[in-house]
Amino acid sequence: MTNFTITLANQGGAAFDVDQRKPLLQSLREQGVDLPYGCKYGGCISCAAKMISGKVDQKAQRALNNRQINNGYIILCVARPMSDCTLEVGVESHDKLYRNPFLDPLAPHELKADIAIPLEAKK
Ligand code: FES
């Protein structure tokens, strides 16, 4: 059994010893950390946290797009640690999770080239 240390940067640097076989949400909640969550299977994004450093295995997640992953987000309910990690957790960490389309419009390569048009509109 391998354990890693998870440090919560936005909770006073509190550190927790976690089992690499368990999802981080489960390990942290078992140790009294109050975290938001919903589905617990990687689909709803409620439990997203920002990884400041470290490495996790989150192959089972279905909620994040590439932009969110590139901004450091992980899905705690399915992510298992692969090293010591430093995280920001809770809704305070969600500042870059959602995009405001008025402040940050999609780039041309992110637009769908073939958006369906209702038949009536084609006449
Ligand atoms: S609780 Fe739904 S994605 Fe983690």
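Leucine 8 has its bridge partner in S2, and that partner is alanine 14. The pair belongs to a predicted model, one with three helices and seven strands overall. Here's a quick tour, starting with the first strands and then zooming out.

**S1 and its neighbours**
- S1 (residues 3-8) and S2 (residues 14-19) run antiparallel and share six bridges.
- Five residues sit between the two strands of this hairpin, and glycine 12 takes a positive phi there, near 70°.
- S1 also pairs with S7 (residues 85-88), this time in the parallel sense, over three bridges.
- In that pairing, isoleucine 6 stands opposite cysteine 85 of S7.

**Two faces of S1**
- Side chains in a regular strand alternate between the two faces of the sheet.
- S1 does just that: Phe4, Ile6 and Leu8 point to one face and are buried.
- Asn3, Thr5 and Thr7 point to the other face and are not buried.

**Overall fold and shape**
- Going along the sequence, the elements come in the order β-β-α-β-β-α-β-β-β-α.
- The radius of gyration is 18 Å, well over the 14 Å that the globule rule gives for 123 residues, so the protein is more spread out than a compact globule.
- The C-alpha trace spans about 65 × 25 × 20 Å along its principal axes.

**Burial, contacts and surface**
- Of the 123 residues, 33% are buried.
- Take the contacts between residues at least 6 apart in sequence: 54% of them join residues at least 24 apart.
- About 7800 Å² is exposed, with carbon and sulfur atoms supplying 53% of that area.
- On the charge side, there are 15 positive and 13 negative side chains, and the centres of the two sets lie 7 Å apart.

Terms used:
Residues numbered from 1 in each chain as written. Predicted model: local features only at pLDDT ≥ 70, side-chain atom pairs only at ≥ 80, totals over all residues. Heavy atoms only, no water. Helix = DSSP H or I, 4+ residues; strand = E, 2+ residues; numbered from the N terminus. Rg over C-alpha atoms; globule rule 2.2 N^0.38 Å. Buried < 20%, exposed > 50% of the residue type's maximum accessible area, 1.4 Å probe, protein only. Contact = heavy atoms within 4.5 Å. Areas by Shrake-Rupley, 256 points an atom, 1.4 Å probe, with all protein chains shown as cover. Lys, Arg positive; Asp, Glu negative; His and termini not counted. Charge placed at Lys NZ, Arg CZ, Asp CG, Glu CD. Pairing = 2+ DSSP bridges.
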